Every structure is written in C-alpha cells, then in structure tokens.
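Here is a short report on one protein model. Keep the structure open while reading.

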Amino acid sequence: MPGIAVIGCGRWGANYVRVFHEIAGARVVAVVDRDAATLARMAQRYPGVWATAEIEPVLANPQVDAVVIATEAASHFRLSTSALEHGKHLLVEKPLTLVSDESRRLAELAASKNRVLMVGHTYLYNDAVRKIRELIQQPATGKLYYLESRRHHLGYIRDDVGAMWDLAAHDVAIFSYLLGEEPEAVSVVGRKYLRDHLEDVAFMHFFYPSGILGSVQVGWLNARKIRQMVVVSEKRTIEFDDTDSLDTVRVFEKGISTDKRTDSFGEFRYLLTTGDIVSPKIDMREPLKNQCLHFLECLETGTRPISDGTSGANVVRVLEACSESLAARGREVRV
C-alpha cells in the first residue's frame, strides 16, 4: 500500500486525510501543518499517523510514496518542486500554481522524474459531470451552442486568491473536460467589494475555437448557495444542480435549430423539437474519493491522470488571461 503524506490539514486538507484513511488500498503515513491545534486534532483523530510541522523530514522519509499538497496556492510551486525532487508522486489542490510557466515546469519535472502529478480538479471526478460528458457526446444532443455556470455562496472567503481563481477554476476545468478544447479568448468583469486586492465577484465569458460560448458567474456575496450549470444544444438542454441530491441532472429533450434549405434567399425556417424531461439515474459517489482512487490507480498502473499537470497548467493559463481581462475592465484577451 502506498504511503501518503498530506501537507496542509485545513478545511480541504482534512478531507484528504479522511478519504485516504478510509481507502483500503492506501495508508496515511504523515500529516503536516504549521498550526499546533490542527496537528493535535489530527493526531487525536488518527492515532499512529505522524503529525508534524516540519516538511523536510516527511519528504525525506522512504515510507512516504506520495504527497498531497493542500496549502495556500502561493506555496504550491515551492512545495511541489521539493516533493518531486525527493521522488514523490504528487496530488496538488487547485489551482496548481498561480503562474502558468511554473505549472508547466512542474509538469515537465514530474515527467522527467517519472512521477505522477495530479491536480485536484474534483469536479472531473463527479459522477454527474461524467454523465453530462456522456450525454453531450451522443448524436441525440446535436450541435452544442453554449454552456453557462453559476457558482455562488456567502462566506468562506479565501485570503490567498480571489473568487475567480478559487471558484471559476472548477468551471474552466469542467468546460474543457466536456468540450475537449481550451478557450482561445476570454472577457471578464468583476468587483472588489470587501477588499482592495482580491475580487469578490466575477462575470466571465469564454470563447472556444469551435464557436461554443461559455459563461461563468462566481462570487462570495450571494446569500444563497448556488452550484448550477446548463449545457444548451440544438436538440437538448442539460441542467446540473450540485445542490439537488434528488434530480442532480435533468435533460430537456427540447431544442431549436434552423433549416437553411429554403426556396427564398435569406429565409430560414426554425425547427423546434419537443420531448420529455428526463432525470437520468446516476450512481453518485463522493467525488473526492473517486479522485483519490484514480490517483492510486495511476500510481499502480502508470496511467496518466484525467487532471494531470498539463491540464492543470492549461487552467492556470486561462485564469491568467482572465485576470488580465479583469484588470482591463472586460477587454477581450487571447489565451
């Protein structure tokens, strides 16, 4: 069983410790955090796990095969480089880094060391998102028009990145996963209501080479928690509501297209299709557990992760362009 060390045991890192502790095919060897109260809590909950504030002894320990990094984003590059240099496999929370060149260098370093590098884009391991990918690849869906996503809640405001880098990183990864392509340009507007240096809300547009449009809204100020996505095509509309445990995905077998086979110049006939509203059966499992199981599978088989270093670097590259557009008050920026 591979030995796992988790660096950063805050809100999300603690979930990694729990999940890997629950998986029979792995063992948590060490947890690292600079907060003494957090370490005491981890040590009490997981007796026998090495709890320490020192990173270097953990990375030098031969019992540690793989490292999970769930610290503030600004530290990811330094910690990830050190872990890879020590020969460890690596799972890094999103965003991989805050600079795309650093993300690219990590991907290259992992390849040169023959080590797995996975980025924690958890929604790519969400069974509902995987079902949507399956649905849009069906001929019955027809041509895709646009995707839109709304991701809001009140509170849990990060100090290391703004709402765009924290929340929209999910949607950038999801859209690329669903479409199989990266945006070629972006346009973003937003505001910094609570602090002067980090945005609290952002309205984002993504322009894809195929002509598909992506729209994302993110924010930390809405009193209602919203996790919704809509995929609109010529024959279907697919809705995803991550807060609805009953009908997480709904498929509207309705759409509109144009018939250009007309007798008169300039005339178009609009073709409407109507059908049922279906909630497909989905075996929903914990996405983080799916992700961690995939990580362990990659360690065992050498399989390339779905959310590998290259895809993680692509997300960072898109978010860099988004930051440039945000600073320019919505000017379209090439990715």
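## Helix 8 and its cover

In helix 8, the buried residues (under 20% relative accessible area; over 50% is exposed, anything between is partly exposed; 1.4 Å probe, protein chains only) are Leu288, Asn290, Gln291, Cys292, His294, Phe295, Leu296, Cys298 and Leu299. Helices here are DSSP runs of H or I with at least four residues, strands are E runs of at least two, and both are numbered from the N terminus. This is a predicted model: local features need pLDDT of at least 70, side-chain atom pairs need 80 or more, and totals for chains, interfaces and linings use all residues. Residues are numbered from 1 along each chain as its sequence is written, and side-chain values use heavy atoms, without hydrogens or water.

Helix 8 covers residues 287-301, 15 in total. From first C-alpha to last it reaches 21 Å, close to the 21 Å expected at 1.5 Å a residue. The expected span is 1.5 Å times one less than the number of residues. The cover over its buried residues, by contact (heavy atoms within 4.5 Å), includes strand 1 (3-7), helix 1 (13-22) and helix 6 (127-136). Strand 4 (66-69), strand 5 (89-93) and strand 6 (117-120) are also included. Just after helix 8, Gly302 takes a positive phi of about 80°.

## Helix 9

Helix 9 spans residues 309-327. Its 19 residues should span 27 Å at 1.5 Å a residue, and its end C-alpha atoms are 27 Å apart, which agrees. Among its buried residues are Gly309, Gly312, Ala313, Val316, Cys322 and Leu326. Their cover includes helix 5, helix 7, strand 8 (185-191) and strand 9 (201-207).

## Helix 5 between two partners

Which way does helix 5 run against helix 9, parallel or antiparallel? Their axes (lines fitted to C-alpha atoms over the stretch in contact) come within 8 Å and cross at roughly 175°, on a scale from 0 to 180 degrees between N-to-C directions. That makes helix 5 roughly antiparallel to helix 9 (over 145 degrees; under 35 is roughly parallel, 65 to 115 roughly perpendicular, the rest oblique). Ser100, Ser103, Arg104 and Ala107 of helix 5 make the contact with Gly309, Thr310, Ala313, Val316, Arg317 and Glu320 of helix 9. These residues divide into 3 nonpolar, 4 polar and 3 charged (nonpolar: Ala, Val, Leu, Ile, Met, Phe, Trp, Tyr, Cys, Pro; charged: Asp, Glu, Lys, Arg; polar: the others, Gly among them).

Helix 4 (residues 76-85) also meets helix 5 (residues 100-112). The two axes come within 10 Å and cross at roughly 10°. That makes helix 4 roughly parallel to helix 5. Phe77, Ser80, Thr81, Leu84 and Glu85 meet Glu102, Arg105, Leu106, Leu109 and Ala110. This contact has 5 nonpolar, 2 polar and 3 charged residues.

## The nonpolar core

The largest nonpolar core (buried Ala, Val, Leu, Ile, Met, Phe, Trp, Tyr and Cys joined through side-chain atoms within 4.5 Å) has 98 residues. Helix 7 (residues 163-179) gives the most, with 13 residues. Met164, Met204 and Phe206 are among those with the most contacts inside the core. Beyond neighbours within four places in sequence, the contacts of Met204 include Met164, Ala168, Val188, Val218 and Cys322.

## Backbone exceptions

Most residues other than glycine have a negative phi, and most peptide bonds are trans. The bond from Lys94 to Pro95 is cis, with omega near -10°. Pro95 lies in the loop between strand 5 and helix 5.

Asn114 has a positive phi near 55°. Asn114 sits in the loop between helix 5 and strand 6, and is exposed at 63% relative accessible area. Arg329 has a positive phi near 60°. Arg329 lies in the loop between helix 9 and strand 17, and counts as exposed at 67%.
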